Amino acid sequence: TGVAKEIHVYPKNTEDKPTVDKFVVKDGKDVKGASFNEGEEHTWAIEAKIPTGFKDYEFFKLTDKLDTALTYKAGQTIKVFVKDDESIKLQENTDYTVDAPKGTEGGDLVVSLTKAGITKLAAAEGKILRAEFVTTINKNAVMGKDIPNGVELEYGHNPDHKGKTEVDE
């Protein structure tokens, strides 16, 4: 019904996708590589960005495929928290579940947020979700040879159409 002097154009179907990264903790710092001796414990840290629109997610699952040169410390408590925000408290079996590796060589560690956890983290969009766990170098390790350091994040609004991102270093 007239001439528009100003028009706003936005890209269609854009979304803030979650990202994932993984570090080893050495001397209290997150690093991409460090040396450890056989039998020595070390902490891994997985970090995932909480994206915009997180309240609408149906699932958010981190899977770490541990190399056979690593032994998962059985019976440990996996720390899952929002980095730099102590006001949000997450509880295992309420806000997230952990499926720990079985056995002493490698295996999959899976941390999955529940719907309650997703709802709780909706207030933390743009912040970093962090999971920490401990492994040791076992007899399968070849000293001086790198051990693969990867993690996969599956996420989405519909379990039939999963988004996936991973880091493999």
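Here are a few exercises on this predicted model, each with a worked solution.

**Exercise 1. Get your bearings: how many helices and strands does the protein have, and in what order do the elements run?**

Start with the count: there is one helix, along with 11 strands. Next, walk from the N terminus, and the elements read β-β-β-β-β-β-β-β-α-β-β-β. Now put a box around the C-alpha atoms along the principal axes, and you get roughly 75 × 35 × 35 Å. As for burial, 40% of the 169 residues are buried. Finally, look at contacts between residues at least 6 apart in sequence: 70% of them join residues at least 24 apart.

**Exercise 2. Work out the five-stranded open sheet: what is the strand order, and which strands sit at the edges?**

Step one is the order, which is 7-8-4-10-11, with antiparallel pairing. Step two is the edges: strand 7 (96-99) and strand 11 (163-168) each pair on one side only, so they are the edge strands by the rule that pairing takes at least two bridges. Step three is the twist, which averages 15 degrees from one strand to the next. If you want the chemistry behind the pairing, strands of a sheet pair through backbone hydrogen bonds, either parallel or antiparallel.

**Exercise 3. Zoom in on strand 10: which residues stand opposite its members, and is the strand buried or exposed?**

Take the strand 4 side to begin with. Five bridges join strand 4 to strand 10, and the two run antiparallel. Phe59 has Gly156 as its bridge partner in strand 10, and Lys61 stands opposite Glu154.

Now turn to strand 11. Strand 10 pairs with it over six bridges, again in the antiparallel sense, and Tyr155 is found opposite Gly163. A hairpin of six residues makes the connection from strand 10 to strand 11.

Last, check burial. Seven of the seven residues in strand 10 are buried. Split them by face and you find Gly150, Glu152, Glu154 and Gly156 on one side, with Val151, Leu153 and Tyr155 on the other. Both faces are covered.

**Exercise 4. Track down the aromatic pairs: how many are there, and how are the rings of Phe54 and Phe60 arranged?**

A search of the whole structure turns up five aromatic pairs. One of them is Phe54 with Phe60, whose centres are 5.1 Å apart and whose planes make an angle of 85 degrees. The cut-off for edge-to-face is over 60 degrees, so this pair is edge-to-face. Both partners are covered up: Phe54 has a relative accessible area of 0%, and Phe60 comes in at 2%. Since buried means under 20%, Phe54 and Phe60 are both buried.

Compare Tyr57 and Tyr155. Their ring centres are 6.1 Å apart with planes at 25 degrees, so this pair is stacked. Tyr57 lies in the loop between strand 3 (41-49) and strand 4 (59-66), while Tyr155 is in strand 10 (residues 150-156), so the pair ties together parts that are 98 residues apart in sequence. Both tyrosines are buried. Putting it together, ring pairs link Phe54, Tyr57, Phe60 and Tyr155 into a cluster.

Two of those names come back in the largest nonpolar core, which has 36 residues. Phe54 and Phe60 are among the residues with the most contacts inside it, a list that also includes Val80, Leu113 and Phe133. Strand 9 (residues 128-137) gives the largest share of this core, four residues.

**Exercise 5. Which rings have a lysine over them?**

Try Trp44: the charged end of Lys22 sits over its ring, 4.4 Å from the centre. Then try Phe36: Lys26 lies over its face, at 4.4 Å from the ring centre.

**Exercise 6. Compare two residues, Ser112 and Ala34: where is each, and is each buried or partly exposed?**

Ser112 belongs to strand 8 (residues 107-113). Its relative accessible area is 18%, which is under the 20% cut-off, so Ser112 is buried. Leaving aside neighbours within four places in sequence, Ser112 is in contact with Phe60, Lys61, Asp95, Tyr96 and Thr97.

Ala34 is in the loop between strand 2 (29-31) and strand 3. With a relative accessible area of 32%, Ala34 is partly exposed. Not counting residues up to four places away in sequence, Ala34 touches Val24 and Lys26. Its C-alpha is 9.3 Å from that of Asp146, and the two residues are 112 apart in sequence.

Key:
Residues are numbered from 1 along each chain as its sequence is written. This is a predicted model: local features need pLDDT of at least 70, side-chain atom pairs count only at pLDDT 80 or more; totals for chains, interfaces and linings use all residues. Side-chain values use heavy atoms; hydrogens and water are left out. Buried means under 20% relative accessible area, exposed over 50%, partly exposed in between (1.4 Å probe, protein chains only). Contact means heavy atoms within 4.5 Å. Rings of Phe, Tyr and Trp (its six-membered ring) pair if their centres lie within 6.5 Å; planes under 30 degrees apart count as stacked, over 60 as edge-to-face and the rest as tilted. A charge sits over a ring if NZ of Lys or CZ of Arg is within 6 Å of the ring centre and within 35 degrees of the ring normal. Axes are lines fitted to C-alpha atoms, for helices over the stretch in contact, and angles run from 0 to 180 degrees between N-to-C directions. A nonpolar core is a set of buried Ala, Val, Leu, Ile, Met, Phe, Trp, Tyr and Cys residues joined through side-chain atoms within 4.5 Å.
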